[in-house]
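Colleague: I am new to this structure. Please choose one part, look at it closely, and then show me how the surroundings fit in.

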Amino acid sequence: MKKDLIIIGAGQFGRELYSWTLDAIRTGCDLNVKGFLDDNPDSLENYKYNTKVISGVDAYKPQKNDVFICSIANIKAKMRCCHKILAKGGQFINLIHPTAVIGQNVVMGQGVILGPYVLLTCDLTIGDFVTISSHSGVAHDSTIGDWCCINGWCVINGCSVLGEAVFLGSNAVILPGSRVGKHAFVGAGSLVLRRVRDYEKVFGVPAIPIGTMDA
């Protein structure tokens, strides 16, 4: 029996995720798209989609056949919404685009999103609720912590570690053996040479501190 997928967040990335879901369904993924949860009921008003915003997160009660995925890019907001659904007994699945490549000995948690042409080489650990967007890659012996958001065209080289809730902007590059601390922010196009501290915000080539993230 097909599961009913609900996408949390009907914004920009939510619409991308909807398209990726349809790609997965066309190649055999056993899902129906039930709709979106979003606090703005008019999120899809100006777009042509064969689905709708069902309700907000707070108002929705998970049904027996429901499964969830979260499209919210803001990590703190994503954590709040996912915890609300988990507290109601909701089940999160992994959504993997059919063009993604997953090598040997890759361990993934729940609620993981892998976009088109993502490459996970081998011997990796990917935590819960991690999003890896289009054309990004993670090389051997690396660890990606829970709640990380990795945007498109990022490169995480071998033996690197991203702590919990790290945000990588598009085209960020993490050099081999680097460590990025929890809740750190790496700006688009930045090059991390060795280390980013917890809650540190960095930008540039090479990446240098430009501020801190709120705890």
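Modeller: Start with a working rule: two strands count as paired if DSSP finds at least two bridges between them. Keep in mind that this is a predicted model. My chosen part is the strand pairing, with the side chains around it.

Take one pair of strands first. Strand β10 covers residues 124-126, and strand β13 covers residues 143-144. The two run parallel and are joined by two bridges. Threonine 125 has threonine 143 of β13 as its bridge partner.

Now widen the view. β10 and β13 belong to an open sheet of six strands. The order is β7-β10-β13-β16-β19-β22, and the pairing is parallel. At the edges stand β7 (106-108) and β22 (195-196). Each has a single partner strand, so one side of each is left without a neighbour in the sheet.

Another open sheet has eight strands. Read across, the order is β5-β8-β11-β14-β17-β20-β23-β24, and here the pairing is mixed. Its edge strands are β5 (95-96) and β24 (208-212), and each pairs on one side only. Begin at the β5 edge. Two bridges join β5 to strand β8, residues 113-114, and these strands run parallel. Isoleucine 96 has leucine 114 as its bridge partner in β8.

Cross to the other edge. β20 and β23 pair in the parallel sense, over two bridges. The bridge partner of phenylalanine 185 in β23 is lysine 201. Beyond that, β23 and β24 pair in the antiparallel sense, over four bridges. Glutamate 200 stands opposite threonine 212 in β24. The hairpin of β23 and β24 has four residues between the strands, and glycine 204 there takes a positive phi near 115°.

Look along β23, residues 200-203. Its side chains alternate. Glu200 and Val202 point to one face and are buried. Lys201 and Phe203 point to the other face and are not. Lysine 201 also lies over the face of phenylalanine 185, at 5.0 Å from the ring centre. So what about that ring: is phenylalanine 185 buried, partly exposed or exposed? Phenylalanine 185 is partly exposed, with a relative accessible area of 22%; the cut-off for buried is under 20%.

Phenylalanine 185 has an aromatic partner too. There are nine aromatic pairs in the count. One of them is phenylalanine 167 with phenylalanine 185, a stacked pair at 4.9 Å centre to centre and 5° between the planes. Phenylalanine 167 lies in strand β17 (residues 167-168) and phenylalanine 185 in strand β20 (residues 185-186), so the pair ties together parts that are 18 residues apart in sequence.

Next, the nonpolar interior. In soluble globular proteins, nonpolar side chains tend to be buried together. Here the largest nonpolar core has 27 residues. Leu120, Ile132, Ile144, Leu162, Leu168 and Val180 have the most contacts inside that core. Isoleucine 132 shows how such contacts spread. Leaving aside neighbours within four places in sequence, isoleucine 132 is in contact with Ile113, Leu114, Gly115, Val118, Leu120, Ile126, Val138 and Ile150. Apart from this core lies another, of 18 residues, among them Ile8, Tyr60, Cys82 and Phe129.

Two of those names return in an aromatic cluster: Tyr60, Phe68, Phe92, Phe129 and Trp147 form it. Phe68 leads to strand β4, residues 66-70. Five of the five residues in β4 are buried. Asp66, Phe68 and Cys70 point one way, and Val67 and Ile69 the other way. Strand β1, residues 3-8, runs parallel to β4 and is joined to β4 by five bridges. Leucine 5 has valine 67 as its bridge partner in β4.

One last stop brings us back to the six-strand sheet. Serine 178 lies in the loop between β18 (173-174) and β19 (179-180), and β19 is one of that sheet's strands. Serine 178 counts as buried because its relative accessibility is 0%. Where does its side chain reach at 2.8 Å? The target is the backbone oxygen of leucine 175. A polar atom of the serine 178 side chain also lies 3.3 Å from the backbone oxygen of leucine 193. Not counting residues up to four places away in sequence, serine 178 touches Cys159, Ser160, Val161, Val192, Leu193 and Arg194.

Notes:
Residues numbered from 1 in each chain as written. Predicted model: local features only at pLDDT ≥ 70, side-chain atom pairs only at ≥ 80, totals over all residues. Heavy atoms only, no water. Buried < 20%, exposed > 50% of the residue type's maximum accessible area, 1.4 Å probe, protein only. Core = buried A, V, L, I, M, F, W, Y, C linked by side-chain atoms within 4.5 Å. Contact = heavy atoms within 4.5 Å. Polar contact = N/O pair within 3.5 Å; in protein donor to acceptor, adjacent residues only side chain to side chain. Phe/Tyr/Trp six-rings, centres within 6.5 Å; stacked < 30°, edge-to-face > 60°. Lys NZ or Arg CZ within 6 Å of the ring centre and 35° of its normal.
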